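Me: Please choose one part of this model and take me through it closely, step by step. I am in my first year, so please explain each term when it comes up.

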Amino acid sequence: MTISTLLIANRGEIAVRVIRAARKLGIKTVQAHSSADADMLAVREADEAVEIGPPQPARSYLNGEAVIKAALQSGADAIHPGYGFLSENAGFAESVANAGLVFVGPDAATIRMMGDKSEARKRAQAAGVPIVEGFDASGDDALEQAGKTGFPVMIKASAGGGGRGIRIVDNANDFKTQAAEASSEAQAAFGDGTIYVEKFIPAARHIEVQILGDGRNVVHCGERECSLQRRRQKVWEEAPSTALNSETRKKLCDCAVALARSVNYKGAGTIEYLYDGRTEEFYFIEMNTRIQVEHPVTEMVTGLDLVAEMIRIAGGADLSVGQDDITFNGNALEVRINAEDPANDFMPFPGVVSGLRIPSGDGVRFDHTLFENYAVPPFYDSLLGKLVIHGENRRQALERLEKALAVLKIDGLPCTAPLFSALLRETDVRENAVHTEWLEQWLVNNSGKIIKESEVSA
């Protein structure tokens, strides 16, 4: 079928991104929003908007019944869930299909299978993809199994992502407490408190592969590195990874395609790995059955519109490209601009944007949800936008990022831009000599290097 009207069941920058991709395809858009988001940029840009509930996510963006009702009443024939919220909720995808609507993403069975990290590990292993030693932690013998696996271990939420529900445990004494906390956080974030445990690999890198499938064919769009993280949440992403040699890169991507092909994957998805630079070994950790926050860096190096492609596929089209059609050009970087004060332990800082200056120029892209006098609400994730840079090589991309950060100005509230200006002065970052624990360690000793824009201007 062909999609004619698309309801966006999300908010912020990804909602704007989906609207613009749909517009390119000639598709009418309907923006679902909470009462707190009645004036957000996505509402302004959509052809139509419909309120689905009060500010609390559980009563609006996580209320699948309200979302489907809004889609039916507005005449939409498809729903795009973006990322987060209901994007990896198999029950919601099933309800969308049962309502006679198209879910822009894989079917409920695939989401259920690959969204459950324990089941996904089994699928990966069956497809010949290396996995980290681990186990489902729902049993009474979890502590005993953790001891056999060997500390330190990582406790992770079986459902969801975004760094929530994750704990690193160094010893048996802390295991039960940390497991209970991880389960509670996962329940609050995803409505599912199930957790699993895997062996923790120190100083690992986070490498992921973007895939596209139409239910019959699967292609990869190269890898991204997302090793700069704070509290298990990515803050800086890039493509390609300079840590990989060509042989390892091919293995990573081939494994991603094999896994996606084994489940007849349909839509955009990401296969995530831990990479041990000491041994040059990689291990599957999870699959995200949705579009990723960091998808723009892949778009910048391939020239593909991943969001438009997933909408086309959901509408019944075949992949528009084969593997040999996908080429890679230069290097791309993305930094996440959040409404947080990096000089004050990253305290969230909702407020009113009193002034705005957006960088532009060769290789510069800013995906955002901002306009002057926009009131950033306190109810949701603090992401304001993503500054994405492309260069002929990584050195040029870093130079362009430095210049773009100097231009970017968001008045009225602090944001994380000064963090990235500080990181650009670090040799390890410029040489990509980092790992998933590097930023946390750097912040302990170097937070004073993050200079507020107001101090620079003074």
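Reply: Let us start from a single pair of residues: F282, in strand 14, is the bridge partner of Y275. This is a predicted model, in which local features need pLDDT of at least 70 and side-chain atom pairs count only at pLDDT 80 or more, while totals for chains, interfaces and linings use all residues. Residues are numbered from 1 along each chain as its sequence is written, and side-chain values use heavy atoms, with hydrogens and water left out.

Around that pair, strand 13 (residues 266-276) runs antiparallel to strand 14, and seven bridges link them; strands pair if DSSP finds at least two bridges between them. The two form a hairpin with four residues between them, and in this turn E280 has a positive phi of about 60°. Strand 14, which covers residues 281-288, is mostly covered, since six of its eight residues are buried, a word that here means under 20% relative accessible area with a 1.4 Å probe, counting protein chains only.

A second stretch can be followed in the same manner, from strand 10 to strand 12. Strand 10 (residues 205-214) is antiparallel to strand 11 and joined to it by six bridges, and within strand 11 the partner of V209 is E223. Three residues lie between these two strands in their hairpin, where G215 in the turn has a positive phi of about 90°. Strand 11 is then joined by four bridges to strand 12 (residues 233-239), again in the antiparallel sense, and the bridge partner of Q229 in strand 12 is K234. This hairpin has two residues between its strands, and R231 in the turn has a positive phi of about 55°. As for cover, 13 of the 13 residues of strand 11 (residues 218-230) are buried, so this strand is largely enclosed by the rest of the structure.

To place these strands in the whole, the protein has 16 helices and 21 strands, where helices (H or I, at least four residues) and strands (E, at least two) are DSSP runs numbered from the N terminus. The protein is as compact as a globular protein of its length, because its radius of gyration is 21 Å, close to the 23 Å that the globule rule gives for 458 residues; the radius is taken over C-alpha atoms, and the rule is 2.2 Å times the number of residues to the power 0.38. Along the principal axes, the C-alpha atoms fill a box of roughly 60 × 55 × 45 Å, and 58% of the 458 residues count as buried.

Definitions and conventions: Buried means under 20% relative accessible area, exposed over 50%, partly exposed in between (1.4 Å probe, protein chains only).
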